[in-house]
Amino acid sequence: MSGTQVGAFDATGYRQRVLSALRGASRLDLSDPFFIVDLPVDVDDTELIRARITALVGFWNKERSPNYKALTAELAKHRTDLESVLLDPVRRADCAARVRAARAAANADRHAALDSLAEKLVARYQGLPRSRMPSLARLAKSRGLDDAAFAAWAARQHVIDEGAQAEPLAPAVRAQVRGDLDEFGRLTGDPSRSATLWTFLGIAPGAAAQEVSARHAELTAENERRQHDHQMTVVANLLTYVKQHLIAGDPARYAASLIEDAKDRLRDTVAEKVIVDGELTAADFEACVRRAVGFGFGLSSEQARLAVRNVATDLGATLAVAPAVDYVLCQNCREPQPATGQPACRYCGADLYADCPACGQRVEAAAVACPRCGSSFRAIHAAAEQVAAARAELGQGRPVAARAKLTPARQAALNAPVLAAEIGALSAELDRVIRAAESDWRAAQRDLDAARLYSALDRLARIARVAADVPGPAGESAADQLAELAALKASVQADIAAARKLPDGQREAALGRLLAVAADCDEAIDLLAALPLAPPGRPQAEVTADTVALRWDPSSSPGPVAYRVTRIVAAARGATAGGAAEEARVLGTTGSTEFEDAGVPGGVVVAHEVRAVSGRRTSVPVRTAPALMARDVARLTARADRSGITLTWNLPISAGSVVVEREADPDAAAAAGMKLPPRRGRADGQSWRDAGPPAGVPFTYHVYAEYWDAGGALVRTPGATVTARVTPRPHPVGELWATTSGGQTTVGWTRPPSGEVRIYAADAPLAAPGADVDLAELARRGRYVGTSQRRVVDAGIRGLTTYTPVTVDGGHAVAGPSVAHLPVAAPAHAAVTDTGSELVLTFTLPPGVTEAVVAARRDAPPAGPRDPAAQTWSTTNTKLEIDGGLHIPAPPDGLGWYFSIHSVLRDGQIRMAAPAGVRLTARGAS
């Protein structure tokens, strides 16, 4: 990482972190140079690395500790090896990738050793005993894991308190708790839940206080809802014990009490064996251990072995102990058996192991919680049952009830990824079904508003089938609404049967009333479609310049009637030449008795047909009289450029033609000495080009359309008129100059006869004088300064700048001569004195200027400070003051002298002379 923050070199910390680890290795390993220099693997600051290596080499050479002296001397010999890798960015990146992979593999190996030991401890103790954690921490440190890494690993484990070191509860208290647990098991018939207070709660031994409190509150609320009976009393007692010993008291004391409970139950059996045999044989010892495990108190095999040993010792018996055997308890028959890895119980065949839904580890099926991660199987099983109940509700078409049953399962499934995924999928399905039902309710309301009775019935039937408990917008139920609409449908069917017996006129009216209630009744629609529909009456058409307005009388048929309008067009000349094929186009359907057709093209003879439409019925058409659509020219514009004038207009035309008449301004033509008679032409489309008209002469263009009506007569529209002229090519600026005074730079020029002048600034001339230019291209290449008649002020000048003038007139742009300028004032009070043998130039430099360049020629004024044909001299204001001016040797030779004096500015090491300067002449030069 760039800019990694690393503290100053710490010698003591370096010895502890690095040297101690390197000293313990059999040989010096340089494969991880980042570890050796004590820097992060992602460091990429070369200078920081160089400084760290320098500090380390000094430390290595000065180290005098007998433990590390030889090691640091060896490290100092490898300075070049370390620098060759760490100071080369490419090699450093490659090495960092290898080091990351190696460290990750080493960490995996270190964690694997801890995981293996943890698995063995969990198998024996049903969790990691807290007393073994310091030993595991020392092992982790020896394997290279620091305290933070071990703490992170331990946080993922299920740590338990064995209870062996804690003081058990008083015998009377233990007997009271055990008695109520046994009574609870007798009442429920579930011995697995009545073994301990933890199994009663359904949580793991050693569960966090928050989890115990939450489960206590849950069972308390559940018990309070019970009908009062003996079981309610027993449960209330057990909940009191939970509060006393697991929440307010020390759970380790209760864990120790379970060992005492086991000892109490074992005592008579052990005593009997001792009395008969005089000792507790190895076989009897293991039999007692199996019995202690079978009590279901949650004792590990080691705790059960401890209980048997303590009882035998208390009775003064001799013990014969066989090799330790771990036992597993069957969840079905509750028989303990050696944990040899067999999957099924040897007595009843039930599964002995199951996968934890939370962490996925293989655990005992009889456990109430996972000994590795501590997740409660009871809560997860209850959540699974709630999910099953929610699915059942959804299958019965009650998604709202299903969602209510699913809500409490979410919290329990947080530690069970598979169940959480199942709940998420089911929740998404419930949301989808409820949203679909709500959408169907809204759609059903729209159907009813539009009198679509049958469509509304279909939607409500679907809601009642798949989402019966999703209410409507007003809280109504789908079943009630469905029953109401079903009754309305039955009434409609009865009215249809009655309408079949009526005469046509009465039947049409009756069916119209039915469709006003059930517009989507196919049977009524079919009956109505078999009856004739009256056409509209008296169609009329009014043709204007850009539209045809239609009107007609409504159909006399009852019920909702709409009207379909069709345009019929034919070219007028075709109508007189034997009849051209007509072209028909349906324009649309309206419920009104008026319609406007604004899309008729110019030059066609148009008529319109109108049909009455009702459902699937259509009347015979009625037609308007044919009329010519004489569209006229609209939005006429003229655009002049260097080579001509382009006219454009808007006139959709299908037949006829567009005529363009051009007439020159007589006075302008006479002034130009030209005779320009009127011209007439026809245009194709909606534009026309007048190529090569004389420049400077205005022209008037009259554009109109010519059509032929149905009788073959010529029809001419009024048209439109526009005036335009081709602008002559503008004259470029003749002379351009720039001056700086008072901190302000002004660009001036001689005014051309026409057009406006625009000034552009750049590092060099933007175009040759007299060249045609593209203004958009100039704007990209240069900086626009401004436009005026004679001068502009440039407020943005920086350093040596070249100005290019452009004369713009009528779309033409012509460049003028450029001038370079440095924003510094010219020298003032310039004068030349002829002493006969030399010329003395005196002048005053402007404020802030300390240098000047003087250029001189004998044949013509200098073109600037860099004129190759000129002699040049450099001077300063100090030298001018000391010498009394600039002295130029000039023996009399009969020739004149031309001088230009230029101010000089410095920008760092760059020396720039102003292109424009003060001019002087001497000895007859003019």
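R635 is exposed, because its relative accessible area is 62%, over the 50% cut-off. This is a predicted model, so please hear every value as computed from that prediction. R635 sits in strand β18, which covers residues 634–640. Its backbone is worth a look: R635 has a positive phi of about 55 degrees, and it is not a glycine. As background, most residues other than glycine have a negative phi.

D38 is another residue with a positive phi, about 60 degrees, and it is not a glycine either. You will find D38 in a loop, with α2 (33–36) on one side and α3 (46–62) on the other. Is D38 buried, exposed or partly exposed? Its relative accessibility is 22%, so D38 counts as partly exposed, given that buried means under 20%.

Let me step back to the whole chain. The chain holds 26 helices and 41 strands. With a radius of gyration of 54 Å, against the 29 Å that the globule rule gives for 926 residues, the chain is well over the rule and therefore more spread out than a compact globule. The C-alpha trace spans about 155 × 125 × 40 Å along its principal axes.

How much of the chain is buried? Buried residues come to 41% of the 926. The exposed surface of the chain is about 46,600 Å², and carbon and sulfur atoms supply 52% of that area. On contacts, take those with a separation of 6 or more: 62% of them join residues 24 or more positions apart.

Two residues show how sequence distance and spatial distance can be read here. Start with R290, in helix α14, residues 282–294. R290 and E335 are 45 residues apart along the chain, and their C-alpha atoms are separated by 8.4 Å. Leaving out residues up to four places away in sequence, R290 touches Y327 and P336. R290 has a relative accessible area of 31%, which means it is partly exposed.

Now S194. S194 lies in the loop between α9 (171–188) and α10 (197–201). Why is S194 classed as buried? Its relative accessible area is 7%, and the cut-off for buried is under 20%, so S194 falls in that class. Which residues does S194 touch, if those up to four places away in sequence are not counted? They are R178, L181, F184, G185 and T199. For a long span, take S194 and G734: these are 540 residues apart in sequence and 114 Å apart in space, C-alpha to C-alpha.

Last, the internal space. A search of the whole structure finds 2 cavities of 30 Å³ or more. I will describe the second largest, which has a volume of about 50 Å³. Its lining is made of W441, A444, Q445, L448, L460, P473, E476 and Q481. Which helix gives the most to this lining? That is α18, residues 417–449, with 4 residues. By type, the lining of the second largest cavity divides into 5 nonpolar, 2 polar and 1 charged.

To go back to the start, if you open the model yourselves, the two positive-phi residues I described are R635, in strand β18, and D38, in the loop between α2 and α3.

Technical notes. Residues numbered from 1 in each chain as written. Predicted model: local features only at pLDDT ≥ 70, side-chain atom pairs only at ≥ 80, totals over all residues. Heavy atoms only, no water. 1 Å grid on protein atoms, 1.4 Å probe; cavity = no way out; pocket = protein on both sides within 12 Å on 5 of 7 lines; lining within 4 Å. Points joined across faces, edges and corners; volume = space filled by probe spheres on them. Nonpolar A, V, L, I, M, F, W, Y, C, P; charged D, E, K, R; others polar. Rg over C-alpha atoms; globule rule 2.2 N^0.38 Å. Buried < 20%, exposed > 50% of the residue type's maximum accessible area, 1.4 Å probe, protein only. Contact = heavy atoms within 4.5 Å. Areas by Shrake-Rupley, 256 points an atom, 1.4 Å probe, with all protein chains shown as cover.
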